[in-house]
Amino acid sequence: MRFFVYIISNKPKGVLYIGVTNNIEERLGQHQEGLDNHCYTFPRRPVSLLYSEEFSYINDAIAREKQ
């Protein structure tokens with residue numbers, strides 16, 4: 001399985017969000033669609049992917065996210 005650390009931004013305000021997922025395409029779609037109105041990124045859409053990094057182990061991805 002693959003895991004990803006990703007950074008997204010809503011460019012007009014420059015707010016950054018960092019997350020971990022095992023399906024980056026699906027997760028970015030969820031952020032864009034605003035499926036959860038309690039999600040941090042819901043009122044900060046649209047978002048753009050700024051960076052992603054792939055890992056083989058979830059613990060490595062989480063450690064990188066915390067950096």
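Which residues make up the largest nonpolar core? The points below address this question and the surrounding architecture of what is a predicted model.

1. The largest nonpolar core consists of 6 residues, namely Phe-4, Tyr-6, Ile-8, Ile-24, Leu-28 and Val-47. At least two residues of this core come from each of strand 1 and helix 1, and strand 1 gives the most, with 3 residues. In soluble globular proteins, nonpolar side chains tend to be buried together.

2. The sheet is open and is formed by 3 strands in the order 2-1-3, with antiparallel pairing. Strand 2 (15-21) and strand 3 (48-55) are the edge strands, each of them pairing on one side only. On average, neighbouring strands of this sheet are turned by 15° against each other, direction ignored.

3. Strand 1 (residues 3-10) is joined to strand 3 by 7 bridges, and the two run antiparallel. Within this pairing, Phe-4 stands opposite Glu-54, while Val-5 stands opposite Glu-53. Strand 1 is mostly covered, since 7 of its 8 residues are buried.

4. On the other pairing of strand 1, 7 bridges join it to strand 2, again in an antiparallel arrangement. Ile-8 has Tyr-17 of strand 2 opposite it. The two strands form a hairpin with 4 residues between them, and Gly-14 in the turn has a positive phi of about 70°.

5. Helix 1 (residues 24-33) lies across strand 1, strand 2 and strand 3 and runs at about 25° to strand 1. Helix 2 (residues 58-66) also packs on the sheet, where it touches strand 1, strand 2 and strand 3. The direction of helix 2 makes about 165° with that of strand 2.

6. Phe-4, one of the core residues, merits separate mention for its contacts. Leaving aside neighbours within four places in sequence, Phe-4 is in contact with Gly-19, Val-20, Thr-21, Asn-22, Ile-24, Glu-53 and Glu-54. Of these partners, Glu-54 is the residue that stands opposite Phe-4 in strand 3.

7. Is His-31, which is found in helix 1, buried or exposed? His-31 has a relative accessibility of 1% and therefore counts as buried, the cut-off being under 20%. Not counting residues up to four places away in sequence, His-31 touches Tyr-6, Ile-8, Tyr-17, Cys-39, Thr-41, Arg-45 and Val-47. Tyr-6, Ile-8 and Val-47 are among the residues of the largest nonpolar core.

8. Pro-46 is found in the loop between helix 1 and strand 3. The relative accessibility of Pro-46 is 56%, so this residue counts as exposed, for which the cut-off is over 50%. With residues up to four places away in sequence not counted, Pro-46 touches Ser-9, Asn-10 and Gln-32. The C-alpha atoms of Pro-46 and Met-1 are separated by 28 Å, the two residues being 45 residues apart along the chain.

9. The count of cavities of 30 Å³ or more comes to 1, and the largest cavity has a volume of about 50 Å³. The lining of the largest cavity is made up of Ile-8, Ser-9, Asn-10, Val-15, Leu-16, Tyr-17, Tyr-40, Thr-41, Arg-44 and Val-47. Strand 1 and strand 2 are the elements that give two or more residues to this lining. Ile-8 and Val-47, which line the cavity, are also listed in the largest nonpolar core.

Definitions and conventions: Residues numbered from 1 in each chain as written. Predicted model: local features only at pLDDT ≥ 70, side-chain atom pairs only at ≥ 80, totals over all residues. Heavy atoms only, no water. Pairing = 2+ DSSP bridges. Axes fitted to C-alpha atoms, helices over the stretch in contact; angles between N-to-C directions. Contact = heavy atoms within 4.5 Å. Core = buried A, V, L, I, M, F, W, Y, C linked by side-chain atoms within 4.5 Å. Buried < 20%, exposed > 50% of the residue type's maximum accessible area, 1.4 Å probe, protein only. 1 Å grid on protein atoms, 1.4 Å probe; cavity = no way out; pocket = protein on both sides within 12 Å on 5 of 7 lines; lining within 4 Å. Points joined across faces, edges and corners; volume = space filled by probe spheres on them.
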